[in-house]
Amino acid sequence: MRKKERAEEIIKRLKQMYPETGCTLDYDDAWKLLVSVRLAAQCTDARVNVVVQELYREFPDVEALAAADAADIERIVKPCGLGHSKARDISACMRRLRDEFGGRVPEDFDTLLTLPGVGRKSANLIMGDVFGKPAIVTDTHCIRLVNRMGLVDGIKEPKKVEMALWKIIPPEESNDFCHRLVDHGREICTARTSPHCDRCPLTDVCRRVGV
Ligand code: SF4
């Protein structure tokens with residue numbers, strides 16, 4: 001089975017398994033997703049969702065966060081780990097939004113990449129979830145699963161995985177496909193234990209590389 005055909009079949013089955021999918025970071029405004037995705041590095045989405053509640057109680061909008069002392073942001077976001085650099089990035093990012101973009105999140109991938117603390121993964125997440133554009137978010141679940149499935153061959157570097165996936169995943173499926181990889185990576189094709197292939201509906205299309 002060629003990679004493209006394998007991908008098509010996996011997309012179809014993941015849709016059946018996880019009809020309702022989406023980002024597990026809570027946000028009701030684009031700038032909040034920018035903040036959360038920075039906090040989510042090496043931290044669980046569940047913890048981020050708790051920590052941001054206090055952050056937004058104290059700093060409810062872009063203006064307030066941009067004007068805040070980075071040390072005050074750090075005090076609140078510390079439970080997410082890497083508090084110092086995350087607070088510094090959030091502070092600088094909110095100042096850029098305030099000073100250069102009228103407080104709005106720019107709807108352009110390359111411009112997003114210029115924001116402090118925003119890499120390809122975050123920029124793709126914003127493009128997909130906020131702006132409804134094609135997006136491939138190569139997080140740890142995505143990289144692990146597409147290697148096991150045989151959709152990429154031994155590629156671990158996020159940008160290279162992204163580029164390889166763009167060649168085989170239909171753009172209109174890309175964003176939800178990545179969310180469903182997270183769903184599947186949490187529930188069945190797990191990282192810390194052996195993957196639960198015995199109860200996975202993908203066994204006949206998955207190459208189970210390294211499993
Ligand atoms: S068959 Fe096994 S390795 Fe493949 S996706 Fe399912 S759980 Fe993961």
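**Exercise 1.** In which segment is the place of Arg-208? Describe the backbone and the surroundings of Arg-208 in this predicted model.

*Solution.*
Step 1. Arg-208 is found in the segment after helix 11, a helix that covers residues 171–187.
Step 2. The phi angle of Arg-208 is positive, about 55 degrees, although the residue is not a glycine.
Step 3. Most residues other than glycine have a negative phi.
Step 4. Arg-208 has 14 C-beta neighbours inside 10 Å, so it counts as partly exposed. The class "partly exposed" lies between 12 or fewer neighbours (exposed) and 20 or more (buried).

**Exercise 2.** Give the phi value, the place and the exposure class of Leu-82.

*Solution.*
Step 1. Leu-82 has a phi near 50 degrees, which is positive in a residue other than glycine.
Step 2. Leu-82 sits in the loop that joins helix 5 (70–77) to helix 6 (83–100).
Step 3. Because Leu-82 has 17 C-beta neighbours inside 10 Å, it counts as partly exposed.

**Exercise 3.** Describe the chain by its elements and its overall dimensions.

*Solution.*
Step 1. The chain contains 11 helices and 0 strands.
Step 2. The C-alpha trace spans about 55 × 30 × 30 Å along its principal axes.
Step 3. For 211 residues, a compact globule would have a radius of gyration near 17 Å; the chain has 18 Å, which agrees.
Step 4. Buried residues are 36% of the 211 residues.
Step 5. Of the contacts with a separation of 6 or more, 58% join residues 24 or more positions apart.

**Exercise 4.** State how the chain is divided into domains, and describe the side of domain 1 that touches domain 2.

*Solution.*
Step 1. Domain 1 consists of residues 3–22 + 136–199, and domain 2 of residues 30–130.
Step 2. The centres of the two domains, taken over C-alpha atoms, are 26 Å apart.
Step 3. In the contact between them, 8 residues of domain 1 meet 5 residues of domain 2.
Step 4. Helix 10 (residues 158–166) gives the largest share of the domain 1 side, with 3 residues.
Step 5. By class, this side of domain 1 has 3 nonpolar, 2 polar and 3 charged residues.

**Exercise 5.** Where does the largest nonpolar core lie with respect to domain 1 and domain 2, and why?

*Solution.*
Step 1. The core has 56 residues, and those that touch the most other members are Leu-34, Leu-39, Val-51, Val-77, Ile-126 and Val-146.
Step 2. Helix 2 (residues 30–39) supplies the largest share of this core, 6 residues.
Step 3. Domain 1 and domain 2 both give residues to the core, so it lies between them.
Step 4. Take Leu-39 as an example: leaving out residues up to four places away in sequence, it touches Val-48, Val-51, Val-52, Val-77, Cys-80 and Lys-86.
Step 5. As background, nonpolar side chains in soluble globular proteins tend to be buried together.

**Exercise 6.** Is Pro-19 buried or exposed? Find its loop and its distance from Arg-38.

*Solution.*
Step 1. Pro-19 belongs to the loop between helix 1 (3–17) and helix 2.
Step 2. Only a count of 12 or fewer C-beta neighbours makes a residue exposed. Pro-19 has 9 inside 10 Å, so it counts as exposed.
Step 3. Pro-19 and Arg-38 are 19 residues apart along the chain, and their C-alpha atoms are separated by 27 Å.

**Exercise 7.** How many residues surround the ligand, and which are the closest?

*Solution.*
Step 1. The ligand is surrounded by 13 residues.
Step 2. Cys-189, Pro-195, Cys-197, Cys-200 and Cys-206 are the closest.
Step 3. The shell divides into 9 nonpolar, 2 polar and 2 charged residues.

How values were computed
Residues are numbered from 1 along each chain as its sequence is written. This is a predicted model: local features need pLDDT of at least 70, side-chain atom pairs count only at pLDDT 80 or more; totals for chains, interfaces and linings use all residues. Domain bounds come from an automatic or database domain assignment. Two residues are in contact if their C-beta atoms, placed from the backbone, lie within 7 Å. Helices (H or I, at least four residues) and strands (E, at least two) are DSSP runs, numbered from the N terminus. Ala, Val, Leu, Ile, Met, Phe, Trp, Tyr, Cys and Pro count as nonpolar, Asp, Glu, Lys and Arg as charged, and the others, Gly among them, as polar. A nonpolar core is a set of buried Ala, Val, Leu, Ile, Met, Phe, Trp, Tyr and Cys residues joined through C-beta atoms within 7 Å. A residue is near a molecule or strand if its C-beta atom, placed from the backbone, lies within 6 Å of it. The radius of gyration is taken over C-alpha atoms; the globule rule is 2.2 Å times the number of residues to the power 0.38.
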